[in-house]
Amino acid sequence: MLKAKHDQGYQEIPFGRPWIDDMDRQAVMDVLNGHVLTHGPKCKEFEQKFSEFIGDGYAVTTSSCMASLHLSAIHFGLKPGDEVIVPSQTHVATVHAVELMGAKPVFVDCELQTGNIDINQIESKISSKTKAIFLVHFAGIPVEMDQVCAIAEKHNLKIVEDCALAVGAYYKGKHVGLWGDVGCFSFYPVKHMTTAEGGMLVSKNENTTKEIAHFRAFSVDRTFSERKIPGVYDVTGVGLNYRMSELQAALGCTQVQKLPLNLSIRKNNFLELKEKVLKIKYVDCVVDSKNTDSINSHYCLIVILDGAIRDKRNDVIFSLTEKGVGCSVYYPQPVPRMKYYNEKYQTNPNDYKNAAIISDGSIAFPVGPHLGSAEMNKIADCLSEALGKY
């Protein structure tokens with residue numbers, strides 16, 4: 001039974017908490033006090049600020065990371081009969097974007113150390129029907145993108161990077177999302193920064209972002225500010241409404257300013273917690289970057305339990321919750337094991353053993369800027385105590 005929050009000894013440590021301050025509130029109020037809630041200048045400003053933060057490329061605001069992924073799949077012309085390489089260990093959105101086009105997702109297992117797609121298995125999954133690689137930087141840990149890019153170039157494949165948890169992650173000095181053809185980011189409330197809901201699509205290719213921005217807004221030929229006669233425009237093709245509002249963009253403009261401090265706090269918390277949990281019995285490993293060429297975005301710290309206690313993972317989570325320690329699972333199942341994909345494609349569990357180990361035997365702990373050293377100590381102590389029960 002959970003203790004009431006006012007009971008002595010109870011301390012709530014939320015897994016995620018948006019960092020909203022007076023600067024954010026004022027930015028949103030400034031938009032509300034104006035007369036333009038969409039089609040305005042804030043989205044353009046946010047796109048510019050985000051491009052500046054990642055250091056290169058062009059950016060397009062969208063309604064979500066899923067929208068960015070879907071727009072990418074549409075832009076690159078995926079269709080029934082095509083195949084796309086996808087990771088088994090990811091949020092289902094990465095794969096849904098492919099499935100919505102009628103293309104077939106071809107699942108690849110992950111590395112146990114990073115949770116990222118096993119690059120060594122990619123080429124064996126490529127066929128004459130393969131058109132693209134959709135990959136995820138798992139928990140903000142960069143994929144070794146130079147290797148993936150070499151494979152894509154060899155087979156003439158497009159690359160879409162799912163960077164939902166990877167704001168602030170770099171590989172060999174380049175921000176993730178700028179290695180492939182398109183990168184897709186999420187600003188959901190528990191992420192590094194938030195626009196409440198919302199996403200961003202980035203590319204090094206300006207024409208790519210222009211075409212996607214056009215399709216994202218009904219494929220109209222003139223934006224609101226470009227219309228000489230109000231309400232008069234033309235439509236040059238089919239399109240969707242995957243736009244971000246001015247309110248969200250205003251919040252994004254202030255949130256992105258706090259990213260350097262946010263990332264610094266996350267890194268400190270991550271390293272402190274990692275050092276502590278690796279001393280605990282039954283903690284087999286921590287999912288983290290494996291080389292010095294990578295800079296992790298430190299979204300969370302993921303602990304994998306030893307095989308002897310792995311089947312008690314859910315009980316351990318219940319014990320942690322009773323102590324007020326917020327935690328989560330990334331992700332609840334390998335995508336090919338989820339009901340829809342398992343039944344449609346008759347997937348083989350032996351093809352994604354590492355993804356299953358992470359999904360079934362891991363616990364994700366918070367390291368966000370709402371926490372500090374005291375909370376890292378408590379998380380480690382509560383984990384040790386919970387594991388000691390079994």
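Modeller: Let's start with a term: a residue is called buried when its relative accessible area is under 20%, exposed when that area is over 50%, and partly exposed in between. Keep in mind that this is a predicted model.

Colleague: Thanks! Are F50 and F187 buried or exposed?

Modeller: Both F50 and F187 are buried. They also face each other as an aromatic pair, with 5.7 Å from centre to centre and 70 degrees between the planes, an edge-to-face arrangement.

Colleague: Which parts of the chain does that pair tie together?

Modeller: F50 belongs to helix α2 (residues 41-54), while F187 sits in the loop between β8 (182-186) and β9, so the contact ties together parts that are 137 residues apart in sequence.

Colleague: And how do I recognise a stacked pair?

Modeller: Look at the angle: planes under 30 degrees apart count as stacked. Y341 and Y345 are stacked because their planes lie at 10 degrees, with the ring centres 6.3 Å apart. Both are in helix α11 (residues 339-345), and being 4 residues apart there, they are separated by about one helical turn.

Colleague: How does burial look for Y341 and Y345?

Modeller: Y341 has a relative accessible area of 1% and is buried, whereas Y345, at 21%, is partly exposed.

Colleague: How many aromatic pairs are there by this rule?

Modeller: The count comes to 13 aromatic pairs. Ring pairs can also join up: F15, F138, Y299, Y330 and Y331 are linked into a cluster in this way.

Colleague: What lies over the face of W179?

Modeller: That is K174, at 4.3 Å from the ring centre.

Colleague: Let's turn to strands. What should I know about their side chains?

Modeller: In a regular strand, side chains alternate between the two faces of the sheet. Here, strand β1 (residues 58-62) has 4 of its 5 residues buried, so the rest of the structure largely encloses it.

Colleague: Which strand pairs with β1, and in what sense?

Modeller: β1 pairs with strand β9 (residues 199-203) in the antiparallel sense, over 5 bridges. To find the pairing on your screen, look for T62, which stands opposite G199 in β9.

Colleague: Finally, the surface. Which residues make a nonpolar patch?

Modeller: M29, L32 and L37 make a nonpolar surface patch of about 260 Å². Of these, L32 lies in helix α1 (residues 22-32).

Colleague: How accessible is L32?

Modeller: Its relative accessible area is 43%, so L32 is partly exposed.

Key
Residues are numbered from 1 along each chain as its sequence is written. This is a predicted model: local features need pLDDT of at least 70, side-chain atom pairs count only at pLDDT 80 or more; totals for chains, interfaces and linings use all residues. Side-chain values use heavy atoms; hydrogens and water are left out. Patches are made of residues with over 30% relative accessible area and no salt bridge: like charges are joined within 9 Å, nonpolar side chains (Val, Leu, Ile, Met, Phe, Trp, Tyr) within 5 Å. Accessible areas come from the Shrake-Rupley method with a 1.4 Å probe; for residues, only the protein chains shown count as cover. A salt bridge is a side-chain nitrogen of Lys or Arg within 4 Å of a carboxyl oxygen of Asp or Glu. Helices (H or I, at least four residues) and strands (E, at least two) are DSSP runs, numbered from the N terminus. Buried means under 20% relative accessible area, exposed over 50%, partly exposed in between (1.4 Å probe, protein chains only). Two strands pair if DSSP finds at least two bridges between them. Rings of Phe, Tyr and Trp (its six-membered ring) pair if their centres lie within 6.5 Å; planes under 30 degrees apart count as stacked, over 60 as edge-to-face and the rest as tilted. A charge sits over a ring if NZ of Lys or CZ of Arg is within 6 Å of the ring centre and within 35 degrees of the ring normal.
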